[in-house]
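Take a walk through this model, from a helix pair to its cores and a few single residues. Keep the coordinates open as you read.

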Amino acid sequence: MEHSLLSAPVKTYRLFASVILELSINKQLDYGIPEELESTVTKGCLIEVPVRGFMRKGYVASVKTEPSYPKVLPVHRVLGNTHLITEDLFELGLWIAKYYLAPLRQVFRIMLPSSIRNDMQHKQQLFVSRVLTREKIKEYCIAIRNKHSEQAKVLDVMLLVTKGILLTELLEKADVSKSPVDTLVKKGIIAVDLVQQDRSPLLDQEFFATKPKKLNDEQAESLKKIHQTLEQDTFQTHLLFGITGSGKTEVYLQAIELALKQKKSTIMLVPEISLTSQTVERFRSRFKEKIAILHHRLSDGERFDEWHNIRSGKAQIVVGARSAVFCPAQNLGLIIVDEEHENSYKQSEEMPHYHARDVAVMRGMINKACVVLGSATPSLESYYNATQGKYVLSLLTQRPSSATLPDVKIIDMKKEYDKHSGYTSFSEDLIEGLKQRMGRGEQAIVFLNRRGYHTTQMCQTCGHVTGCPNCDVSLTYHLGDHHLACHLCGYQLCPPPKRCTECQSDQTLKFKGVGTEQIERALHAILPDIKTLRIDADTTKHKGSHERLLRDFRTGKADVLIGTQMIAKGLHFPSVSLVGVINCDGSLNLPDFRASETVFQLITQVAGRAGRGCIKGEVIIQTCLPDNPTILHASNQDYNTFYSEEIGVRQAFGYPPFSHLIKFNFSGEDPNEVEIIANQVRNELMKGLPDAFHLHPVIPSGHARVKNRFRFQFLVRGPSVYFLNQKLSPIVEEHMKQKHIHWSVDIDPTSTFF
Ligand code: ADP
Ligand code: ZN
Ligand code: ZN
């Protein structure tokens, strides 16, 4: 086989395939297409080709009539699953591989859910229905009741169901074996058929229909611009910059309606799973059309069914988190990225480190679709693009009808500590505010971006902090489980130590630092009658718990919702009239060029949860940095001043959007070795690098050790990603082979610290 391939006489072919190997990034090789394969080798399909005597997998990038070089080998064979990737998604995949420097295999792995790649079958189940009318069955049932009680039990259940019932369910409800069912089928009273069961979630839930609202002038204006793009069937990106609660979602809903009228489908991205259920409810209540939901908590079966519903065109609206941007929507016309500034759109864990917002814009370009990015706090990049005319800007500056922006008060916590002669988590104003809300039957949100009870355990004699043995972070104390836990690797220490491991003193270990768990308890100590709910990573471990907590809060089961950033965004609770920010000073001090931007977004977003109904809202921000400009601008919801100050800083230091950043991450068990490899890669890059590019030195990462692996990084800053990519791809392909040192390339990282 191998032999005949290599020594075959030069054959002539009518068609040639340009092939990208699965493990490569953008190198293309040409192969001749044997006549018998001409009809099956098409763009995007997975084939096997000979490379230096070995068979390798690759994707067909294009089919052409002239090869790039005279002597070519033949395509060996076509592999299964070839048409899973539609042409538009194939194009997108090629772009991702090139831009984010990831081999195609990795790219298509994230683009296709594993259940699709492994070709899981549709779930087939036996479904039982009535053949005779209800009246006839009733009569028959009475007649056989005494002699054939098992059969009668089956019919009792069959009389209750509307259309029919799954066999498994029927057997359970009737509490019988399968044989009475078989008998009834033979007699022609009921029938059993194989049906495809749709595992899409939410299928059985009912929703109240809502009608489109009459738009205010600003909403109407922005919808008009989106309408124009949709009608022209062109690609255009819109930035919908609307303050919190200004009715962006209503604009999305009406834009989708326009797309549906044109028989176009829509992908709507939402940043986090927690937001999905609320959004889906609003969407379902407006549209009868089937909405597919994609998020990471779906089971494989559910994901498989949703994917096929989209692929077949049955679902024309797709709502989902990050990876929904890759769904095989038919005739895609509109892509909406809600809360486009959110970091959760960035895949930070594994390569390719793509940003779903940027991928959405690229997909819009490929599909000639309208892209709408929405936010109350646009990322600096997107707003900059709008000022440069790359995006069409629409502003929503007011909340509709009676809702107004909340009053914001900044509390200087240093003064509170003085009043209190020591530390306190709650200012007098916040406690007073919470009391008032309870009295009036209104609700409040209390935000703190740390979970757990105490954030550290420290020795008062020697200052030693109880840290994780595997990572360079301190352990967090959780009162509920009475243990110390590492939030990076999951390590647990139970019970917490009593003696200092460093200086051996007894009884000197003290807990410090406040997390959400302690806030909840402290609040109950001050206001014993208060009803609280807490949402953080600890209370939402189980499937459905997050949704349940949100539902409980919405239906008034608690006065106060306490939580981490999981509650900061997107949620809409009309009866929340007070929001308290316990403290977010720590985040401002992170050595990261995005620290201010992140804190500004966080405060503005949390504050935006207040006063969304007809009750006037109030926001209390507690801080030890009352004069910090970021906190001040956020408290005034003054994006423009924040933007103009921050963009000046970015320009002065040559940071995005005035440059692209590329972050190289290295990790391994031996810190010296990791550092050496990092420097080797850096040196290779340095050769012949134009002056416009800046190479930062190799430094330990923000968390220098995680799960016993030492981490180093370096940054490259430059005007273009593509230029660097050309230079990088051979280096990456070469070094990726090293097994014990992991390394990854993060293009446009959202954080340079971690
Ligand atoms: P955003 O998405 O900008 O945070 P929402 O779309 O959630 O804002 O709107 C906030 C509230 O205002 C919602 O209750 C919504 O139903 C209502 N709303 C939006 N647009 C209008 C309108 N044109 N007229 C009346 N109410 C509206
Ligand atoms: Zn000690
Ligand atoms: Zn750890």
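At roughly what angle do the axes of helix H20 and helix H22 cross? The model is predicted, and in it the crossing angle is roughly 170°. The axes of H20 (residues 595–607) and H22 (residues 639–653) come within 11 Å. Angles over 145 degrees count as roughly antiparallel, so H20 is roughly antiparallel to H22. On the H20 side, the contact is made by Ser596, Glu597 and Phe600. H22 contributes Tyr639, Phe642, Glu646 and Arg650. By class, the contact of H20 with H22 has three nonpolar, one polar and three charged residues.

Now turn to the nonpolar interior. In soluble globular proteins, nonpolar side chains tend to be buried together. The largest nonpolar core here has 117 residues. Within this core, Phe326, Val359, Phe664, Phe666, Phe714 and Val716 touch the most other members. Helix H2 (residues 87–99) gives the most to the core, with eight residues. Phe326 is a good place to look around. Leaving out residues up to four places away in sequence, Phe326 touches Leu89, Leu92, Ile96, Ile110, Met111, Tyr354, Val359 and Arg363. A second, separate core has 27 residues, including Ile226, Leu240, Ala259 and Val319.

Two of the contacts of Phe326, Ile110 and Met111, lead on to helix H3 (residues 104–111). The buried residues in H3 are Leu104, Val107, Phe108, Ile110 and Met111. They cover an arc of only 160° around the axis, so they sit on the same side of H3.

Helix H5 (residues 134–144) can be read in the same manner. Its buried residues are Ile137, Cys141 and Ile144. Seen down the axis of H5, they fall within an arc of 75°, so they line one face of the helix. The general rule is simple: an α-helix has 3.6 residues a turn, so residues three or four places apart point the same way. What does the face of H5 turned away from its buried side carry? Exposed residues are found there: Glu135, Lys136, Glu139, Ile142 and Ala143.

End with a single histidine. His483 lies in strand E21 (residues 483–485). Is His483 buried or exposed? Its relative accessible area is 8%, and under 20% counts as buried, so His483 is buried. Which residues does His483 touch, not counting those up to four places away in sequence? They are Thr476, Tyr477, His478, Gln492, Leu493 and Cys494.

Notes:
Residues numbered from 1 in each chain as written. Chains lettered and ligands numbered in written order. Predicted model: local features only at pLDDT ≥ 70, side-chain atom pairs only at ≥ 80, totals over all residues. Heavy atoms only, no water. Buried < 20%, exposed > 50% of the residue type's maximum accessible area, 1.4 Å probe, protein only. Helix = DSSP H or I, 4+ residues; strand = E, 2+ residues; numbered from the N terminus. Arc of directions from axis to C-beta. Axes fitted to C-alpha atoms, helices over the stretch in contact; angles between N-to-C directions. Parallel < 35°, antiparallel > 145°, perpendicular 65-115°, else oblique. Contact = heavy atoms within 4.5 Å. Nonpolar A, V, L, I, M, F, W, Y, C, P; charged D, E, K, R; others polar. Core = buried A, V, L, I, M, F, W, Y, C linked by side-chain atoms within 4.5 Å.
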